[in-house]
Amino acid sequence: MELQFEGDELKSVLNRLRRAQGQISGVIKMIEEGRDCEDVVTQLAAASRALDRAGFAIIATGLQQCLTGAGDGGAETTEQMKARLEKLFLSLA
């Protein structure tokens, strides 16, 4: 299934990914500087949440496209599509 993002969807996902990228860079810098463990873990948790939210946004867009028929042109059965989407959701759990 090939995702097609448009306008606000694309901006939203890219913003979330850029936020996570910045937070991960911050974690690396904090570790290099020997910062407090609690601060590092807090920043790492924020990066993890940003990645999760981006992942869920990507999956939601894929699900919407599958349901509206904008996905792969119907090459998959409903059960195959359901199994793939379930696997994607579980990969973020």
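In the predicted model, the side chain of Q23 approaches the backbone nitrogen of A47 at 3.4 Å. Q23 belongs to helix α1, which spans residues 7–32. Its relative accessible area is 15%; because this value falls under the 20% cut-off, Q23 is classed as buried. When neighbours within four places in sequence are set aside, the residues in contact with Q23 are Q43, A46, A47 and A50. A47 thus appears both in this set of contacts and as the residue whose backbone nitrogen is reached by the Q23 side chain.

The setting of these contacts is a protein chain with 3 helices and 0 strands, arranged along the sequence in the pattern α-α-α. The chain comprises 93 residues, of which 20% count as buried. Of the contacts between residues at least 6 apart in sequence, 70% join residues at least 24 apart.

With respect to the surface, the protein chain exposes about 6,600 Å², and carbon and sulfur atoms account for 55% of this area. A nonpolar surface patch of about 440 Å² is formed by L10, L14, L17, I24, I28 and L51. Helix α1 provides the largest share of the patch, with 5 residues. L51, also a member of the patch, is located in helix α2, which covers residues 37–67. The relative accessibility of L51 is 39%; because this value lies between the limits of 20% and 50%, L51 is classed as partly exposed.

Definitions and conventions:
Residues numbered from 1 in each chain as written. Predicted model: local features only at pLDDT ≥ 70, side-chain atom pairs only at ≥ 80, totals over all residues. Heavy atoms only, no water. Helix = DSSP H or I, 4+ residues; strand = E, 2+ residues; numbered from the N terminus. Buried < 20%, exposed > 50% of the residue type's maximum accessible area, 1.4 Å probe, protein only. Polar contact = N/O pair within 3.5 Å; in protein donor to acceptor, adjacent residues only side chain to side chain. Contact = heavy atoms within 4.5 Å. Areas by Shrake-Rupley, 256 points an atom, 1.4 Å probe, with all protein chains shown as cover. Patch = residues over 30% accessible without salt bridge, like charges linked within 9 Å, V, L, I, M, F, W, Y side chains within 5 Å. Salt bridge = Lys/Arg side-chain N within 4 Å of Asp/Glu carboxyl O.
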